[in-house]
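Please open the model in your viewer and keep the sequence panel beside it. The stops below each suggest a selection and then say what is to be found there.

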Amino acid sequence: MRFAIVGYGRVGMRTTDILVNEGHEVVIVEVDPEKAQKARDDGLEVIEGDGEDERVLERADLDETDALAALSGDLNVNFTACMIANGHGCRTVLRIDEDYRQEIYEKYAADVDEVVYPERMGAAGAKTALLGGNLNVLADLTEHLTATSIDIPSESPVIGQRVVELDLPGNARLYAHGRRKEPMTIPLPQTRIEAGDRVALIAEQSSLESVQTMLTG
């Protein structure tokens, strides 16, 4: 898949590393010359410019991009980039910082596909370590498995099937399901898949393509 990452700071860099290691194509949009050069030195395709400038983002070939993650430290830049990407049919992921009020979150979350809180994720990991949790267990697991979410198109062969009855390739496991623009939850036994639904699953990286083909057609 092809992804655009707006912002090559700490969060953008780590996200890009994961995507590249899984074999995806990534283009970086970065306004800071030093960070842009760092991305180039890392062997990445780079568009140097402001992520809230539509002319800059169009150079990233958004029509051929599956998803855009706006991960800079500036919420206004992130939101504008997501709105531009929405116009090109991209899935959008918005970074928002922990200290924003709930009403701010709700204002922005309604217009993007996903919102991520890097600080909250880091805090969860720190809490696990403090309580004696072994973070290496998760690291070992994710060398072989990947978690992903998939949108179900209207031509999917699994439409009408019950979620709990799906026989996914490679022992993949579906752990959450949601209707269009609704939060994902653990599916009930009677829940059937409809066009526009989204599912979240864990699969071996080697079988992920087969799983995607089965679900999307």
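The tour goes from the whole chain to its cores, then to a pocket, and then to single residues.

**Before selecting anything**

This is a predicted model, in which local features need pLDDT of at least 70 and side-chain atom pairs count only at pLDDT 80 or more, while totals for chains, interfaces and linings use all residues. Residues are numbered from 1 along each chain as its sequence is written, and side-chain values use heavy atoms, with hydrogens and water left out.

**Whole chain**

Show the protein chain as a cartoon, where there are eight helices and nine strands; helices (H or I, at least four residues) and strands (E, at least two) are DSSP runs, numbered from the N terminus. Of the 217 residues in the protein chain, 39% are buried, where buried means under 20% relative accessible area, exposed over 50%, and partly exposed in between (1.4 Å probe, protein chains only). With the surface switched on, the accessible area of the protein chain comes to about 12,200 Å², of which 50% belongs to carbon and sulfur atoms; such areas come from the Shrake-Rupley method with a 1.4 Å probe, and for residues only the protein chains shown count as cover. Among contacts (heavy atoms within 4.5 Å) with a separation of 6 or more, 55% are between residues 24 or more positions apart.

**The nonpolar cores**

Select V6, V29, L57, L62, L68 and L94, which have the most contacts inside the largest nonpolar core, a set of 25 residues. A nonpolar core is here a set of buried Ala, Val, Leu, Ile, Met, Phe, Trp, Tyr and Cys residues joined through side-chain atoms within 4.5 Å. The elements that give two or more residues to this core are β1 (2-6), β2 (25-30), α3 (54-58), β4 (67-70) and α4 (75-86), and the largest share, seven residues, comes from α4. Centre next on L57, which touches V6, V29, G51, L62, L68, A81 and I84, not counting residues up to four places away in sequence. A second, separate core of 16 residues can then be coloured, with V11, V26, A36 and L44 among its members.

Return to helix α3 for V56, which at 8% relative accessibility counts as buried. Leaving aside neighbours within four places in sequence, V56 is in contact with V29, I47, G49 and D50. A distance drawn from V56 to A81, C-alpha to C-alpha, should read 10.0 Å, for two residues 25 apart in sequence.

**The second largest pocket**

Which residues lie nearest the centre of the second largest pocket? They are G7, E30, V31, S72 and G73, out of a lining of 20 residues. By class, this lining has seven nonpolar, seven polar and six charged residues, and the largest share, three residues, comes from α1.

Stay with helix α1 and pick T15, which is partly exposed at a relative accessible area of 27%. Beyond its neighbours within four places in sequence, T15 is in contact with I5 and L71; T15 and I5 are 10 residues apart in sequence and 8.4 Å apart in space, C-alpha to C-alpha.

**A positive phi**

Move to D61, in the loop between α3 and β4, where phi is near 60 degrees, a positive value in a residue other than glycine. Most residues other than glycine have a negative phi. At 36% relative accessibility, D61 counts as partly exposed.

**Three buried residues further along**

Select R95 in strand β5 (residues 91-95), a buried residue with a relative accessible area of 12%. R95 and V116 are 21 residues apart in sequence, and their C-alpha atoms are 5.0 Å apart in space.

Strand β9 holds R198, which is buried with a relative accessible area of 12%. Not counting residues up to four places away in sequence, R198 touches a list of residues that includes R91, D113, E114, D151, H177 and E182. The C-alpha atoms of R198 and D151 are 4.4 Å apart, although 47 residues separate the two in sequence.

Finish at T191, in the loop between β8 (173-178) and β9 (198-204), which is buried with a relative accessible area of 13%. Its contacts, leaving aside neighbours within four places in sequence, are Q161, R162, V163, H177 and R179.

Technical notes
1 Å grid on protein atoms, 1.4 Å probe; cavity = no way out; pocket = protein on both sides within 12 Å on 5 of 7 lines; lining within 4 Å. Nonpolar A, V, L, I, M, F, W, Y, C, P; charged D, E, K, R; others polar.
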